[in-house]
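The following exercises ask the reader to work through a structure step by step. Each task is followed by its solution.

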Amino acid sequence: MTKSAREKALLRVQLKKFNLDELLFNEEETVLILKFIFKRNHSLIDRIAVNDALREFAQGLLLTAVDQSYGLGFVDSLLNALLSNPRAGIKKILIKFGKKAMKHWFKHATVKDLTKIQIYDRVCDSIEYNFVHKLQSHANGVAKLNDNNFGVLALHPFSNNKKVWA
């Protein structure tokens with residue numbers, strides 16, 4: 001891989017901040033989003049008290065997951081994903097997000113894309129790795145309300161992305 005390809009594969013991301021009236025998900029949906037992203041931390045998530053800061057964090061993670069998945073350009077696997085999706089519980093949340101999300105929140109996904117949201121496992125894995133410390137801060141009650149959530153996503157566009165969740 002060339003240096004420019006490596007640089008493109010490492011993306012600095014900052015989770016979007018939302019006003020209270022922009023938060024779309026309730027407590028149950030917030031927990032589902034967190035469990036979708038943080039596959040190895042379900043017991044930790046079950047112990048977290050859901051507040052507006054956690055709802056904003058979860059919505060920012062979901063926005064990043066959707067947008068970065070579209071940024072990778074893997075749009076052609078939607079049908080296969082729909083036929084083999086074991087995470088059907090998240091599908092309702094993705095549909096709701098696609099309908100209510102503001103198009104200016106996204107860098108890569110278009111309005112048309114939001115009607116058939118896709119998220120790649122590779123993207124979720126990278127987000128989980130980079131933001132698990134913030135999840136732990138929420139669980140410990142020490143997450144700062146004004147904290148900017150930065151991370152670096154290692155997304156290689158030519159890696160084997162077998163699973164797509166829609």
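Buried means under 20% relative accessible area, exposed over 50%, and partly exposed in between, computed with a 1.4 Å probe on protein chains only. The model is a predicted one, in which local features need pLDDT of at least 70 and side-chain atom pairs count only at pLDDT 80 or more, whereas totals for chains, interfaces and linings use all residues. Residues are numbered from 1 along each chain as its sequence is written, and side-chain values use heavy atoms, with hydrogens and water left out.

**Exercise 1. Determine how many helices and strands the chain has, and in which order the elements run.**

Solution.
- Step 1: Helices (H or I, at least four residues) and strands (E, at least two) are taken as DSSP runs, numbered from the N terminus.
- Step 2: The chain has seven helices and four strands.
- Step 3: Read from the N terminus, the order is α-β-α-α-α-α-α-β-α-β-β.
- Step 4: The chain has 166 residues, of which 46% count as buried.
- Step 5: A contact means heavy atoms within 4.5 Å. Of the contacts between residues at least 6 apart in sequence, 86% join residues at least 24 apart.

**Exercise 2. Describe how H2 and H7 pack, and state which residues meet.**

Solution.
- Step 1: Two packed helices are described by the angle between their axes and the distance between the axes. Axes are lines fitted to C-alpha atoms, for helices over the stretch in contact, and angles run from 0 to 180 degrees between N-to-C directions.
- Step 2: For H2 (residues 27–37) and H7 (residues 121–139) the angle is about 120°, and the axes are 9 Å apart.
- Step 3: H2 is therefore oblique to H7, given that angles under 35 degrees count as roughly parallel, over 145 as roughly antiparallel, 65 to 115 as roughly perpendicular and the rest as oblique.
- Step 4: H2 contributes Leu-34, Phe-36 and Ile-37, which meet Cys-124, Ile-127, Glu-128 and Leu-135 of H7.
- Step 5: These contact residues comprise six nonpolar, no polar and one charged. The classes are nonpolar (Ala, Val, Leu, Ile, Met, Phe, Trp, Tyr, Cys and Pro), charged (Asp, Glu, Lys and Arg) and polar (the others, Gly among them).
- Step 6: The buried residues of H2 include Leu-34, Phe-36 and Ile-37, as well as Glu-29, Thr-30, Val-31 and Ile-33.
- Step 7: At the start of H2, the backbone nitrogen of Glu-28 has a side-chain oxygen of Asn-26 within 3.1 Å.

**Exercise 3. State how many salt bridges the structure holds, and locate three pairs: Lys-17 with Glu-56, Glu-128 with Arg-40, and Arg-55 with Asp-52.**

Solution.
- Step 1: Side chains of opposite charge can pair when their charged atoms come close. The criterion is a side-chain nitrogen of Lys or Arg within 4 Å of a carboxyl oxygen of Asp or Glu, and the structure holds five such salt bridges.
- Step 2: In the pair of Lys-17 and Glu-56, the closest N and O atoms are 3.9 Å apart. Lys-17 lies in the loop between strand E1 (10–14) and H2, and Glu-56 in helix H4 (residues 52–72), so the pair ties together parts 39 residues apart in sequence. Lys-17 is partly exposed at 32% relative accessible area, while Glu-56 is buried at 14%.
- Step 3: Beyond its neighbours within four places in sequence, Glu-56 is in contact with Lys-16, Lys-17, Phe-18 and Leu-23.
- Step 4: Glu-128 and Arg-40 form a salt bridge with an N to O distance of 2.7 Å. Glu-128 is in helix H7 and Arg-40 in the loop between H2 and helix H3 (42–47), 88 residues apart. Glu-128 is buried, with 3% relative accessibility, whereas Arg-40 is exposed, with 61%.
- Step 5: Arg-55 and Asp-52 form a salt bridge at 2.8 Å between the closest N and O atoms. The two are three residues apart in helix H4, and therefore separated by about one helical turn. Arg-55 counts as buried at 19% relative accessibility, and Asp-52 as partly exposed at 36%.

**Exercise 4. Where does Val-50 lie, and which residues does Val-50 touch?**

Solution.
- Step 1: Val-50 is placed in the loop between H3 and H4.
- Step 2: Not counting residues up to four places away in sequence, Val-50 touches Glu-27, Thr-30, Val-31 and Arg-55.
- Step 3: Val-50 and Thr-30 are 20 residues apart along the chain, and their C-alpha atoms are separated by 7.6 Å.

Technical notes:
Polar contact = N/O pair within 3.5 Å; in protein donor to acceptor, adjacent residues only side chain to side chain.
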